[in-house]
Amino acid sequence: MAAIKQQIGIQMYTLRDRAEKDFLGTLRKVAEIGYKSVEFAGYFGVSAAELRKTLDELGLSAPSAHIGLDFSSLENMQSALSREIEYAREVGLEYLITPSAPLPEQPALDDVLALIPFFEKASGMVRAAGLKYGYHNHDFEFKQVNGQAVIDIWLERIPAEHMVAEFDLGWVHVGGAVPAEYISRYAGRVPLVHIKDFGAGHEEADLGKGQVDFESVFKAADEAGIQHYIVEQEVFASSSLESARLALDYFRKRGMV
C-alpha cells in the first residue's frame, strides 16, 4: 500500500473565542501558523461565497464541517439540514459530520436504535448532494448496551458507504477503548480523525502532554486509510491560538508537516 500523506488540519471550534469576533481574521491566523486545512463548527454569519474566496486566498482546504442535527423530528431535521448542505456545496466541503447525538445517561438498546433513522435520513440527503456523511464521537458512545459499545451498534447497522467514522481519538481513550485498535477495526471507514489529548483524571491537555497513545495511531494510519488529522482543543493552558501553535509543532517535530 502506498503511503498516505496525511493533512494536518484544525477544528475551528478550538479557536471559537476568536472566531466569534473575527471569523475570517482567525482563518488568516490559522494559515499564518502553518495549517493547511480547517474543519468548521459554524460560519459566524459569513456567506458561503465569501468563505470560499477567503479559503482560496489563504491556500486553505476545508474537507469537512460539524453540523448538528435537529433530533426533535425527521421533518425538522430535514428542513435545517437542507440549508446546511446547500452552504457546504458552495464552500466545496467533502464531508458533513454529525458531532454528537442525544442519549440518556444509561441508554437502553431502544434508545440507541431510535437514532439510526436520523443518521440514515441525514446520510441520504448528504450523499444525494454529492457529499459524504459521518459521525464524530465523544466518550458516551463507548458505554456498553447489551454487551456492545453504542458506537459499534451504530457502525454495524449503518453501511460503511452511508456513514464514515470521524473518531475523536482523545474521547475514544477516555471512553476506555484503544484508539489504534478502533481505527484498525474500521479500516477504510476512517478518512478523518480528531487529535485531542487527555492527561491523568481525564483532564484535557495540550497535544503530546497527555496520555493518549498517538504513536500507535500514526503507525496504523495508512492501513486504516486516514487522510486527515484534525486538531481539536477545548481547554487551554494559555490561549486557544497558542494551543493551536503547539499542536502543529507537535507534528512538525515528527516530520509530519
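**Helices α11 and α3 in the predicted model**

In this predicted model, the buried residues of helix α11 pack against quite a list of elements: β1 (7-11), α1 (16-19), α2 (23-33), β9 (192-195), α10 (214-224) and β12 (228-231). The residues doing that packing are Ser240, Leu241, Ser243, Ala244, Ala247, Leu248, Tyr250 and Phe251. The length of α11 checks out too: at 1.5 Å a residue, its 14 residues (240-253) should span 20 Å, and the end C-alpha atoms are indeed 20 Å apart. After α11 comes Gly255, with a positive phi near 70°.

Ser240 is part of helix α11. With a relative accessibility of 3%, Ser240 counts as buried, because the cut-off is under 20%. Leaving aside residues up to four places away in sequence, Ser240 touches Thr14, Leu15, Asp17 and Arg18.

As for the wider setting, UniProt (an unreviewed entry) puts a "domain: Xylose isomerase-like TIM barrel" at residues 27-253. That span is 44% helix and 18% strand, and its end C-alpha atoms lie 23 Å apart.

Helix α3 (residues 48-58) buries Ala48, Leu51, Thr54 and Leu55. Looking down the axis of α3, these buried residues fall within an arc of 130°, so they line one face of the helix. An α-helix has 3.6 residues a turn, so residues three or four places apart point the same way. Cover for the buried residues of α3 includes α2, β2 (37-40), β3 (61-66) and α4 (74-91). Over on the other side of α3, Lys53, Asp56 and Glu57 are exposed. Right after α3, Gly59 adopts a positive phi of about 70°.

Conventions. Residues numbered from 1 in each chain as written. Predicted model: local features only at pLDDT ≥ 70, side-chain atom pairs only at ≥ 80, totals over all residues. Heavy atoms only, no water. UniProt positions renumbered as here; feature names shortened; annotations may be inferred. Helix = DSSP H or I, 4+ residues; strand = E, 2+ residues; numbered from the N terminus. Expected span 1.5 Å × (residues − 1). Buried < 20%, exposed > 50% of the residue type's maximum accessible area, 1.4 Å probe, protein only. Contact = heavy atoms within 4.5 Å. Arc of directions from axis to C-beta.
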